[in-house]
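Colleague: I have a model on my screen and would like to know how its labels are earned. Could you take me through them?

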Amino acid sequence: MDTGERIALRSRVLIGRSAACDLRVEDPRVSSEHASLGWTGAIWEVRDLGSKNGTFVGERRLAAGERIPLLPGDLLTLGAPRPPATAFVRADAEGPAASARHVQTGVVRAASAGLIVLPDDENPRASIVEQHDGS
């Protein structure tokens, strides 16, 4: 929240301290696999994964395993109900961005205008194009 950085999300995002997480958070209040975000096809949902210090939407603490909608403008905090805990603000109502992740390096390439060029723009070897129907 402090950085103002925008994060493009895939359809499922694991949040926590573990290196296996899609969104790594270096905060001792955050569990190794703390919470997840998921796109239902219509809305984003946040789910607490049994975290020790809690996942909060606004001032509300989620029960372990509970899923609730995360709406534009909602404040999501991990480990405490308000900053200085790790906090994110849901910026918009957009669904997940198409992306591709390199299996060995973990580098993620996000689509731009429905196009992903692999391995990168300077060395194009393959292109993935998103169709109008989302496929």
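Modeller: Here is a walk through the labels, one question at a time; please keep in mind that the model is predicted.

Colleague: Let me start with the overall picture. What makes up the protein in terms of helices and strands?

Modeller: The protein has zero helices and 13 strands. Along the principal axes, the C-alpha trace spans about 45 × 30 × 25 Å. Buried residues make up 31% of the 135 residues.

Colleague: What is the strand order in the open sheet of five strands?

Modeller: The order is β2-β1-β3-β4-β7, and the pairing is mixed. β2 and β7 (67-69) stand at the edges, because each has a single partner strand, which leaves one side of each without a neighbour in the sheet.

Colleague: How do you know that β1 and β2 are paired?

Modeller: Pairing calls for at least two bridges between the strands. Strand β1 (residues 12-16) and β2 are joined by two bridges, so they meet that cut-off. The two strands run parallel. You can find the contacts on screen: I15 stands opposite L23 in β2, and G16 stands opposite R24 in β2.

Colleague: And what joins β1 to β3?

Modeller: Four bridges do, and here the strands run antiparallel. V13, for example, stands opposite L37 in β3.

Colleague: Why is β1 described as largely enclosed?

Modeller: Four of the five residues of β1 are buried, so the rest of the structure largely encloses this strand.

Colleague: Now to a single residue. Why is D27 called buried?

Modeller: The label needs a relative accessible area under 20%. D27 has 7% relative accessibility, so it counts as buried. You will find D27 in the loop between β2 (23-24) and β3 (35-39).

Colleague: What lies around D27?

Modeller: Leaving out residues up to four places away in sequence, D27 touches R17 and T86. There is also a link to the backbone: a polar atom of the D27 side chain lies 2.9 Å from the backbone nitrogen of R29.

Colleague: What makes that a polar contact between D27 and R29?

Modeller: The cut-off for the N or O pair is 3.5 Å. The distance from the D27 side chain to the backbone nitrogen of R29 is 2.9 Å, so the pair falls within it.

Colleague: How many salt bridges does the structure hold?

Modeller: It holds five salt bridges. One of them is between the side chains of R24 and E26, at 3.1 Å from N to O.

Colleague: Why does the R24 and E26 pair earn that name?

Modeller: The nitrogen has to be within 4 Å of the carboxyl oxygen. At 3.1 Å, R24 and E26 satisfy this, so the pair is called a salt bridge.

Colleague: Are R24 and E26 buried or exposed, and what decides it?

Modeller: R24 has 44% relative accessibility and counts as partly exposed. E26 has 65% relative accessibility, which is over the 50% cut-off, so E26 counts as exposed.

Colleague: Which parts of the chain does the salt bridge between R82 and E59 link?

Modeller: The side chains of R82 and E59 meet at 3.5 Å, N to O. The pair links distant parts of the chain, 23 residues apart: R82 is in the loop between β8 (75-78) and β9 (86-89), and E59 is in the loop between β5 (55-57) and β6 (60-61). R82, at 46% relative accessibility, counts as partly exposed, while E59 is exposed at 54%.

Colleague: What is the N to O distance for E66 and R60?

Modeller: It is 2.4 Å, and the side chains of E66 and R60 meet in a salt bridge. R60 counts as partly exposed, at 41% relative accessibility.

Colleague: How do you know that β12 and β13 pair?

Modeller: At least two bridges are needed, and strand β12 (residues 115-120) and strand β13 (residues 123-129) have six, so they pair, in the antiparallel sense. A hairpin of two residues joins β12 to β13. D120 has N123 in β13 as its bridge partner.

Colleague: Finally, which residues lie nearest the centre of the second largest pocket?

Modeller: They are R10, D22, L23, R101 and V108, out of 16 lining residues. The pocket holds about 290 Å³ of space. β10 (99-101) and β11 (108-110) each supply at least two residues of its lining.

Notes. Residues are numbered from 1 along each chain as its sequence is written. This is a predicted model: local features need pLDDT of at least 70, side-chain atom pairs count only at pLDDT 80 or more; totals for chains, interfaces and linings use all residues. Side-chain values use heavy atoms; hydrogens and water are left out. Buried means under 20% relative accessible area, exposed over 50%, partly exposed in between (1.4 Å probe, protein chains only). A polar contact is a pair of N or O atoms within 3.5 Å; within protein, one must be able to donate a hydrogen and the other to accept it, and residues adjacent in sequence count only if both atoms are side-chain atoms. Contact means heavy atoms within 4.5 Å. On a 1 Å grid over the protein atoms alone, a cavity is a set of points where a 1.4 Å probe fits but cannot get out, and a pocket is an open set with protein on both sides within 12 Å along at least five of seven lines; lining residues have an atom within 4 Å of a point. Grid points are joined across faces, edges and corners, and a volume is the space filled by probe spheres set on the points.
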